[in-house]
Amino acid sequence: MWFFARDPIRDFPFESVAPQEPPLQPGGPWQLHRGRRKATGEPVSLFVYDVKPNSEEHTQLAKAAFKHLKTLRHPNILSYIDGLETEKCLHVVTEPVVPLRAYLESRGEAKGLSELEISWGLHQIVKALSFLVNDCHLIHNNVCAAAVFVDRAGEWKLGGLDYMCSAVGDSAVPQKGVPELEKYDPPELTENSKALGEKWSADMWRLGCLIWEVFNGPLSRSSSLRSLGKIPKSLVPHYCELVGANPKLRPNPAKFLQNCCGPGGFMDNHFVETNLFLEEIQIKEPAERQKFFQELSTHLDTFPEDFCRHKVLPQLLTAFEFGSAGAVILTPLFKVGKFLNAQEYQQKIIPVIVKMFSSPDRAMRIRLLQQMEQFIQYLNEPTVNTQIFPHVVHGFLDTNPAIREQTVKSMLLLAPKLNENNLNVELMKHFARLQARDDQGPIRCNTTVCLGKIGPYLNASTRKNVLISAFSRATKDPFAPSRVAGVLGFSATHNFFSMSDCAFKILPVLCTLTMDPEKSVRDQ
């Protein structure tokens with residue numbers, strides 16, 4: 001009897017869907033592939049290491065990186081999802097990311113990365129280094145552009161953990177054996193003296209190299225670090241601390257962050273503050289969250305689109321679903337909604353809007369009505385008739401005149417999507433009551449104006465029975481603008497009336513208005 005071994009790669013729940021990217025590091029062992037989960041199609045990144053003959057040293061480094069990535073959990077370190085280790089290869093599955101270099105090149109072809117984005121990206125990498133050295137007592141030993149990755153929200157993640165070592169004791173520093181990485185080594189390493197400087201000194205020198213590369217492109221030789229190039233003035237003093245010859249003067253990552261976030265510092269801006277607030281939003285007081293969402297809209301226009309779609313939007317949806325954010329999230333929600341395609345809008349925004357319309361919160365309802373123009377195009381007819389309109393019509397009966405008036409105005413947008421009964425029966429019933437009984441002249445006037453504009457959507461029977469009597473009633477209104485609206489309504493819908501109706505029903509009404517005490521009415 002023959003027994004066949006199962007192929008672990010074939011059984012692995014993830015697969016590559018695109019050709020491999022260029023090598024992550026010159027001479028480096030890992031290849032990055034775009035991948036997906038076989039069951040759901042969810043996008044992931046696949047880091048693949050193929051075991052080659054006589055490469056035991058590289059294989060041990062790759063296995064160490066695998067282990068570190070699996071055990072280190074931090075928001076600013078590559079997020080491990082799954083992994084596979086066989087005699088022939090190693091597979092590491094992470095959140096979908098692209099190498100920082102490729103990201104910078106792709107953005108450089110457009111308008112480049114803004115200083116806001118870079119300030120937050122560097123903040124994340126320094127925070128990851130602070131976690132490693134201060135909390136885990138580890139030295140990364142490989143900080144450079146090739147060890148940084150960017151997710152779909154534009155968040156920077158630290159990877160490249162192959163050469164990591166302990167910061168305590170006398171553990172040996174892994175030998176890289178890659179000439180291309182030597183330019184990132186601090187000057188004290190060439191003297192072969194590990195005792196010099198603090199445990200973080202070498203990583204902070206390499207952070208200085210990363211900062212230089214982000215602003216000036218690939219670093220060809222370490223002597224180029226003396227030339228500042230495009231490094232912003234507010235970052236220069238802190239950068240100079242990192243690439244100083246004396247390793248003892250290089251700051252701890254936590255201290256570097258504190259310095260850069262101080263008043264006037266490179267990381268002292270609304271983008272970094274917004275991100276820091278979002279990281280702790282669950283533990284903030286309700287009043288703090290309300291204030292944050294109120295101020296968010298003014299800054300969204302300066303924030304990157306990917307950040308708005310993939311980081312701000314989920315927080316807005318969560319705040320509505322599980323918090324008490326209320327109407328204050330509407331303005332930022334609709335601003336972010338402009339970045340979504342039609343399918344994404346239907347999936348993410350429309351369910352929230354539908355739920356909001358059923359809210360008893362008056363501020364929420366009036367804000368929705370005022371901003372309906374921004375989302376009406378994404379509402380389909382069944383949704384409007386069964387889930388939106390039944391809630392909106394309550395606004396006609398509201399004791400607040402502002403809500404009644406805004407409800408009338410919203411019908412201009414909803415009318416084309418209403419079904420036969422809602423448009424020709426329900427809506428006409430409410431309009432008749434408002435026109436005849438509402439104590440606010442402007443509301444009676446707007447009802448008449450709206451009726452004239454939605455006339456083309458009414459069926460022939462409704463137009464014949466409703467329009468002439470409604471406009472005639474408006475011409476007798478004590479509020480002069482309502483009388484004007486009645487005349488204009490006749491004018492806008494005249495092609496729907498027969499010659500007989502014009503002669504016997506409309507002209508007699510209009511003739512009496514030629515003697516109206518208000519000149520604006522007589523002019524019309």
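**Exercise 1. Is Trp30 buried or exposed, and what is its relative accessible area?**

Before starting, some ground rules. This is a predicted model, where local features need pLDDT of at least 70, side-chain atom pairs count only at pLDDT 80 or more, and totals for chains, interfaces and linings use all residues. Residues are numbered from 1 along each chain as its sequence is written, and side-chain values use heavy atoms, with hydrogens and water left out.

Solution.
- Step 1: get the cut-offs. Buried means under 20% relative accessible area, exposed means over 50%, and partly exposed is in between (1.4 Å probe, protein chains only).
- Step 2: check the value. Trp30 has a relative accessible area of 9%, so Trp30 is buried.
- Step 3: look at its ring partner. Tyr49 sits at 3% relative accessibility, so Tyr49 counts as buried too.

**Exercise 2. Find the aromatic pairs, and work out what the Trp30 pair ties together.**

Solution.
- Step 1: set the rule. Rings of Phe, Tyr and Trp (its six-membered ring) pair if their centres lie within 6.5 Å; planes under 30 degrees apart are stacked, over 60 edge-to-face, and the rest tilted.
- Step 2: search the whole structure, and 14 aromatic pairs turn up.
- Step 3: take Phe12 and Phe14, a tilted pair at 5.6 Å centre to centre with 55° between the planes. Phe12 and Phe14 are both buried.
- Step 4: now Trp30 and Tyr49, which are tilted as well, at 6.0 Å centre to centre and 55° between the planes. Trp30 is in the loop between β1 (14-16) and β2 (31-37), while Tyr49 is in strand β3, so this pair ties together parts 19 residues apart in sequence.
- Step 5: look for a cluster. Ring pairs link Phe271, Phe303 and Phe307 into one.

**Exercise 3. Describe how strand β5 is covered and which strands pair with it.**

Solution.
- Step 1: locate it. Helices (H or I, at least four residues) and strands (E, at least two) are DSSP runs, numbered from the N terminus. Strand β5 spans residues 89-94, and 6 of its 6 residues are buried.
- Step 2: split it by face. Cys89, His91 and Val93 are buried on one side, and Leu90, Val92 and Thr94 are buried on the other.
- Step 3: find the neighbours. Two strands pair if DSSP finds at least two bridges between them. Strand β3 (residues 43-50) pairs with β5 in the antiparallel sense over 6 bridges, and strand β4 (residues 80-85) also pairs antiparallel with β5, over 5 bridges.
- Step 4: trace Val92 in β5. Phe47 stands opposite Val92, and so does Gly83.
- Step 5: follow the connection. A hairpin joins β4 to β5 through 3 residues.

**Exercise 4. Place Asp203 and list what it touches.**

Solution.
- Step 1: Asp203 lies in helix α6 (residues 201-216).
- Step 2: at 5% relative accessibility, Asp203 counts as buried.
- Step 3: use the contact rule (heavy atoms within 4.5 Å). Leaving out residues up to four places away in sequence, Asp203 touches Leu129, Ile139, His140, Asn141, Asn142 and Val143.

**Exercise 5. Sum up the whole chain and its confidence.**

Solution.
- Step 1: count elements, giving 23 helices and 10 strands.
- Step 2: check burial, where 51% of the 524 residues count as buried.
- Step 3: read pLDDT (the predictor's confidence in each residue, from 0 to 100). The chain's mean is 82, with 86% of residues reaching 70 or more.
- Step 4: find the extremes. Confidence is lowest in helix α23 (residues 519-523), at a mean of 60, and highest in strand β9 (residues 156-158), at 95.
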